[in-house]
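Me: I would like to learn how to read a model like this, feature by feature. Where should we begin?

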Amino acid sequence: MSRIHDALKRAEQDRSVYKGIGIEEVEVPLAIPAIGPIPVTPAADNARSPAIPPVVPASDPMALDTALAGSPRTTWVPDTQTMLFFGTEEQADGTEQFRTLRSQLYQLREKHSLRKILVASSVPSEGRSFVAANLAQVMARQPGCRALLIDADLRSPHLHLALGTSPSPGLSEYLLGETQEFEIIQRGQMENLFFVASGRPVSGQTEIISNGRLKFLLDRLEPLFDWIIIDSPAAIPVSDAGLIANFCDGVLMVVRSNSTPFDIVRKARQKFNDDRVLGVVLNGISAEIDPKTQHYFSATRPTSGQKDAPE
Ligand SMILES: Nc1ncnc2c1ncn2[C@@H]1O[C@H](COP(=O)(O)OP(=O)(O)OP(=O)(O)O)[C@@H](O)[C@H]1O
Ligand SMILES: [Mg+2]
């Protein structure tokens, strides 16, 4: 049985209670129990030429960099209860688990090309947006490391609310050809954290996501960022996440502890190529660390070769 299978099974068996919103109520909100292989060949996609030509030629990295510097500065009012790295407390509950996740991703990156990560889950409310946002933050906390967070959940976008900023102009406007890439990249008060909000509400989300412009955008922006973290709709009800995964280097599966049935998680996992799933984030585990959980962490925490720059 694979380690990811074990991890998913454990998520179902975890009988601890999820304590709700608020970092003071969740002492150990995450676990990264298993990391699987990463694809070595990009999946085929149905990209077609975008309707609007880019303002800055992709062949000129300096010009791209300058354009990025000109992206709009916005004032964010983050919800510091769930946007863990915006608070005043350096070691807020939950932050350490995100540092561990970061270390594991850096370890993976030593062996495989890994920059664009889709955060997915089976059903709504498992914590995809929470994990995506905090992962992007912990990446951006490293000196000189640029992280881009993209809200590609065009159905139930929440990231702009969590960050306390405007949803528009954002991804939907770009995908509809109404705006250019650097007009949708927001910069707030956290140095090196950039954000593309969902944009205005649209219908036909699946068609828009797969019209070729999302892949084009990611290809354009990839050279400018160390990490691109993408939030997505739940994978079981709609096909958006499966489509977006084709443009990414890997998928992190979020599983809500003591909530999501194993069969549902397994079904969601089948929406992604086996070689694309990086691992599982077990979200919302109880504050009381039982011996099983303790062992779990120590068995998977990286011990050496960490490429994790100090904050
Ligand atoms: N580990 C956690 N600790 C504290 N709060 C959490 C945790 N995980 C999620 N939450 C909170 O639970 C709620 C649901 O999480 P989130 O919005 O991230 O889920 P989602 O999977 O993105 O949901 P949706 O399907 O609506 O997009 C949010 O208010 C979020 O802040
Ligand atoms: Mg969400």
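Reply: Begin with a definition. A nonpolar core is a set of buried Ala, Val, Leu, Ile, Met, Phe, Trp, Tyr and Cys residues joined through side-chain atoms within 4.5 Å. Buried means under 20% relative accessible area. Keep in mind that this model is predicted.

Me: Which residues touch the most other members of the largest nonpolar core?

Reply: They are Leu118, Leu148, Leu171, Ile185, Leu221, Ile230 and Phe272, out of 44 residues in that core. Helix α9 gives the largest share, four residues. A second core lies apart from this one and has 38 residues, including Leu84, Leu108, Val119 and Phe130.

Me: Take Leu221. What does Leu221 touch, leaving out residues up to four places away in sequence?

Reply: Its contacts are Leu148, Glu181, Phe182, Ile185 and Ile228.

Me: Now the overall picture. How many helices and strands are there?

Reply: The protein has 12 helices and seven strands. It has 311 residues, and 56% of them count as buried. The exposed surface is about 13,000 Å², with 53% supplied by carbon and sulfur atoms.

Me: How do I read the contacts by sequence separation?

Reply: Take contacts between residues at least 6 apart in sequence. Of these, 85% join residues at least 24 apart.

Me: On to charges. What is the general idea behind a salt bridge?

Reply: Side chains of opposite charge can pair when their charged atoms come close. The cut-off here is 4 Å, from a side-chain nitrogen of Lys or Arg to a carboxyl oxygen of Asp or Glu. By that test the structure holds nine salt bridges.

Me: Where do the partners Lys116 and Glu222 sit in the chain?

Reply: Lys116 is in strand β1, residues 116-121. Glu222 is in the loop between α9 and β5. The two are 106 residues apart, so read this pair as a link between distant parts of the chain. Their side chains meet at 3.2 Å, N to O. Lys116 is buried, with a relative accessible area of 7%.

Me: Which parts does the salt bridge of Asp153 and Arg128 tie together?

Reply: Asp153 lies in the loop between β2 and α5, and Arg128 in helix α4, so the pair ties together parts that are 25 residues apart in sequence. The N to O distance is 3.7 Å. Asp153 is buried at 3% relative accessible area. Arg128 counts as buried too, at 9%.

Me: And Arg220 with Glu181: are these residues buried or exposed?

Reply: Arg220 is buried at 4% relative accessibility. Glu181 is buried, with a relative accessible area of 2%. Their salt bridge spans 2.3 Å, N to O. It links helix α9, which holds Arg220, to helix α7, which holds Glu181, 39 residues apart.

Me: How do I read a helix by its buried residues? Which ones are buried in α11?

Reply: List them, then check their directions around the axis. In α11, residues 262-269, they are Phe262, Val265, Ala268 and Arg269. They cover an arc of only 125° around the axis, which puts them on the same side of α11.

Me: And strands?

Reply: In a regular strand the side chains alternate between the two faces of the sheet. Now look at strand β7, residues 277-283. Seven of its seven residues are buried, so β7 is largely enclosed by the rest of the structure.

Me: How many bridges join β6 to β7?

Reply: Six bridges join them, and the two strands run parallel. For one of the partners, see Met253, which is matched with Val280 in β7.

Me: Last, the backbone. Which residues does a cis peptide bond join?

Reply: Ser168 and Pro169, with omega about -5°. Pro169 is in the loop between α5 and α6.

Me: What is the phi of Asn192, and what of Asn258?

Reply: Asn192 has phi near 80°, a positive value in a residue other than glycine. It sits in the loop between β3 and β4. At 18% relative accessibility, Asn192 counts as buried. Asn258 has a positive phi of about 60° and is not a glycine either. Asn258 is in the loop between β6 and α11. It is partly exposed, at 29% relative accessible area.

Key: Residues are numbered from 1 along each chain as its sequence is written. Chains are lettered from A and ligands numbered from 1 in the order in which they are written. This is a predicted model: local features need pLDDT of at least 70, side-chain atom pairs count only at pLDDT 80 or more; totals for chains, interfaces and linings use all residues. Side-chain values use heavy atoms; hydrogens and water are left out. Buried means under 20% relative accessible area, exposed over 50%, partly exposed in between (1.4 Å probe, protein chains only). The arc is that of the directions from the helix axis to the C-beta atoms. Contact means heavy atoms within 4.5 Å. Accessible areas come from the Shrake-Rupley method with a 1.4 Å probe; for residues, only the protein chains shown count as cover. Two strands pair if DSSP finds at least two bridges between them.
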